[in-house]
Each structure stands twice: as C-alpha cells, then as structure tokens.
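Please find below a colleague's note for consideration alongside the coordinates.

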Amino acid sequence: MASKTLEHFLQENLAALKREGLYNEIDPLESPNGPVIKINGKELINLSSNNYLGLATDQRLKEAAIEAIKTYGVGAGAVRTINGTLKLHLELEEKLAQFKHTEAAIAYQSGFNCNMAAISAVMDKADAILSDELNHASIIDGCRLSRAKIITYKHSDIADLREKAKQASESGLYKKIMVITDGVFSMDGDIAKLPEIVSVAEEFDLITYVDDAHGSGVLGKGAGTVKHFGLSDKIDFQIGTLSKAIGVVGGYVAGRRELIDWLKVRSRPFLFSTALTPGDVAACIKAIDILMSSTELHDKLWENGRYLKQGLKQLGFDIGESETPITPCMIGEEKATQEFSKKLYEAGVYAKSIVFPTVPKGTGRVRNMPTAAHTKEMLDQALAIYERVGIEMGILR
Ligand code: PMP
C-alpha cells in the first residue's frame with residue numbers, strides 16, 4: 001500500500017510551492033534547441049539554452065555521431081573500468097587535455113556527475129573545502145558527498161576567502177584544504193577572480209578547483225576561464241561540461257597526469273556508471289576539433305552577446321554585473337519575474353525566469369543566453385518585444 005506519510009508530504013509541499021509562485025512548469029520543445037524553438041505549436045526566439053556556440057544542432061556533429069553509431073552502436077555497454085572504454089573515449093580525453101593545455105583529462109557522463117566524482121575522490125572528512133557562496137548545486141552536492149568541512153566564503157570576496165583560508169590553515173584541524181569556484185557564475189554572468197584566488201591558494205597551499213561549465217568555449221578564445229587568465233599550470237582541477245558550449249552531453253576534469261590516474265581508480269561514477277555513448281563521444285570530439293581550429297563561433301557569440309546587452313541597457317533594463325554573454329534582466333520579486341517571463345513568452349521570446357531557490361530571494365531575473373547561432377534580426381525582434389513588455393509591465397517608462 002502506498003505510504004500516507006509520503007502522500008501528505010508531497011501534497012502539502014507541492015501546494016506550498018504553487019502558492020508562493022515557486023513551482024517550475026516545464027515546457028517540452030517540439031523542435032531542436034536552436035536559436036528559434038517551437039513550443040505548443042508556437043515559434044519563439046530562444047534566449048534560454050546553454051548551446052552557446054550553436055553546436056547542439058551543428059551538421060558536422062550530427063554526422064560524426066551518426067558515423068560512430070553505425071560503427072559502435074548506441075551504447076558503450078559497460079562502465080569504463082570493465083570494458084566500456086572505447087578507443088573513442090581515449091581520443092576524446094586526449095583532445096580535452098590539448099584543449100585545456102593540461103597533461104591529461106578524464107570524461108564523465110555529465111558535468112553534475114563530474115563534480116560528484118572528482119571532489120569526493122580527493123577530499124574526505126579530515127579535510128576542508130572553501131566554497132564560493134554562489135557555487136553551482138553540483139559543486140555543493142559534491143562537497144557534501146566528500147564529508148569534508150564546508151566553509152563558504154562571500155561571493156568573489158577575496159578578503160573573506162583569505163581570512164577563512166588563514167583560519168582553516170592555522171587551526172591545524174585539516175589534512176588538506178581546497179578552494180572551489182565556478183569559473184563563470186551562470187546566474188549573473190560574472191567571472192571568478194582567479195588570479196587573486198590563486199594567490200591565496202599559493203599562500204596557504206590550497207588545492208584549486210575551477211568548474212568552468214560556462215567559461216569553456218566562451219572565454220580564453222574558447223579554452224576557458226583558466227586560460228583567459230593564463231593560469232593553466234596553477235589550477236589543479238579544471239572542470240568542464242560537454243553539454244553547454246560543446247553542445248552534446250558529459251563532463252570532464254583536466255589536470256596533471258597523476259590526478260587523472262587517481263580519478264580513474266577512485267572516482268565512483270567512472271567506476272560504477274556506464275560510459276558515455278559512442279555517438280556522444282564522437283560528436284564531442286568533432287566539437288573540440290572545431291573549437292581548436294577556429295575562433296569563428298566564439299567571436300560570433302561575443303558579438304551577439306555585446307549586441308543584446310547594449311540593446312537591453314539602452315532600453316533601460318538593469319542587466320546586473322555580467323562580464324560574459326550571459327545577460328540577466330534583473331526584476332526582483334519572484335511573482336513579477338515570472339509574470340515578465342510569461343509575457344515575453346506570449347509575445348514570442350523564450351527567456352526563463354530564475355527565482356529562489358536558484359538565486360537569493362528578491363533577486364529574481366529573466367536570464368538571456370544569446371548564442372553564436374542567433375542572427376541580428378532575431379536579436380532585434382527580441383529587443384522590440386522586451387521593450388513592449390517592459391513598458392506594459394511598468395518596468396520601463
Ligand atoms: N557546473 C555548473 C557550474 C553548471 O552550471 C552546470 C549545469 N547547469 C553543471 C556543472 C552541470 O553540468 P551538466 O549539465 O553537464 O550536468
């Protein structure tokens with residue numbers, strides 16, 4: 001018989017979320033996740049995907065995936081350490097290391113999985129982790145899984161980080177101490193202060209861990225935030241996803257060879273979860289080849305990012321502290337944020353509202369992710385709709 005306790009818990013909590021405007025409705029797509037998408041038969045300019053370079057729908061990646069499926073089938077058939085490692089996986093890992101300017105790399109089934117895997121393979125309950133308060137959920141969960149003491153520091157506040165690193169180091173309580181940060185913070189589009197973080201890390205011998213899910217393909221001419229700051233030999237763990245700029249699915253750690261050797265024997269999702277599929281791996285290899293041979297898509301992404309940002313600013317929207325193409329439109333109150341996003345949708349723009357608990361209460365925003373695949377006409381159309389809805393809702397005068 002179904003549990004009454006569970007039924008009560010679910011009904012009460014779902015109703016509370018709906019009452020507070022915090023229940024997220026999911027809209028299934030009837031089209032590829034390109035610059036224009038179709039939902040419920042309606043065409044919308046898409047400003048909500050992480051498909052930064054447009055590679056998710058790129059013909060060259062599709063063909064690479066189809067060829068690999070024809071050769072190897074649709075599944076890897078086992079975890080990497082039994083017999084799920086295809087030559088293709090090793091080729092991808094070599095390419096990732098080249099792309100990130102490191103000795104080696106290891107691929108996982110997702111970026112989320114990668115943070116679960118990598119943190120807990122190295123840190124344990126004798127250790128401490130200094131974590132930026134705005135770090136991604138997968139970092140938070142990875143830290144929790146490790147059972148290390150988690151010490152959060154204020155967002156990008158180097159004085160706070162230094163003070164906490166000093167205390168942790170001088171307490172003598174911890175065997176190892178790690179500092180962990182997003183490279184680009186996806187809710188605001190700001191960049192981590194990596195040179196300052198590295199200098200604190202050097203002072204207190206901290207292990208450095210950068211999750212560059214939103215910086216790879218975007219900063220450092222594509223190679224990411226660490227390369228952007230010229231710190232490739234100073235960061236121990238460079239994490240990336242294969243699901244955003246790369247356009248497919250998966251995650252990876254790039255770093256020195258010994259670290260990767262250790263992760264191959266000690267990180268649990270590598271040991272206990274089936275390997276990435278042949279089609280996905282082949283598409284990722286193609287994407288990395290494209291990124292290493294030309295900056296064309298990267299340059300187009302930035303051109304579009306600047307264009308949209310400037311347009312929104314000129315209209316009078318508050319676009320926060322963004323330093324990358326990720327462009328939030330700050331609204332504030334949760335219900336108003338959701339209402340704004342809904343009206344944009346009705347008028348033809350798909351820009352998702354991001355509210356608590358993803359961001360702090362009262363800082364709701366509609367987040368825009370222009371990509372290399374958008375045309376100027378699409379962005380102009382989106383801006384015209386933003387203006388109309390902004391005036392209608394009294395956000396613009
Ligand atoms: N890290 C960060 C910073 C992210 O933003 C995300 C995705 N939202 C992930 C990890 C998880 O990556 P994936 O979607 O590949 O699981």
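The points below concern the basis of the model, two helix pairs and the ligand site.

1. This is a predicted model, in which local features need pLDDT of at least 70, side-chain atom pairs count only at pLDDT 80 or more, and totals for chains, interfaces and linings use all residues. Residues are numbered from 1 along each chain as its sequence is written, and side-chain values use heavy atoms, with hydrogens and water left out.

2. Helix H4 (residues 87-100) and helix H12 (residues 278-293) have axes that come within 9 Å and cross at roughly 25 degrees; axes are lines fitted to C-alpha atoms over the stretch in contact, with angles from 0 to 180 degrees between N-to-C directions. H4 and H12 are therefore roughly parallel (angles under 35 degrees). By class, their contact has twelve nonpolar, two polar and three charged residues.

3. Helix H5 (residues 111-122) packs against helix H6 (residues 137-146) at about 30 degrees, the axes being 8 Å apart. H5 is therefore roughly parallel to H6. The residues in contact (heavy atoms within 4.5 Å) include Phe112, Met116 and Ile119 of H5 and Ala137, Ile139 and Leu145 of H6.

4. Around the ligand there are 14 residues, of which Gly111, Asp211, His214, Ser243 and Lys244 come nearest; a residue counts as near if one of its heavy atoms lies within 4 Å.

5. Which atoms of the ligand lie 2.6 Å and 3.2 Å from side-chain N or O atoms of aspartate 211 and histidine 136? In each case a nitrogen atom of the ligand is involved. An oxygen atom of the ligand lies 2.9 Å from a backbone N or O atom of phenylalanine 112.

Methods. Helix = DSSP H or I, 4+ residues; strand = E, 2+ residues; numbered from the N terminus. Parallel < 35°, antiparallel > 145°, perpendicular 65-115°, else oblique. Nonpolar A, V, L, I, M, F, W, Y, C, P; charged D, E, K, R; others polar. Polar contact = N/O pair within 3.5 Å; in protein donor to acceptor, adjacent residues only side chain to side chain.
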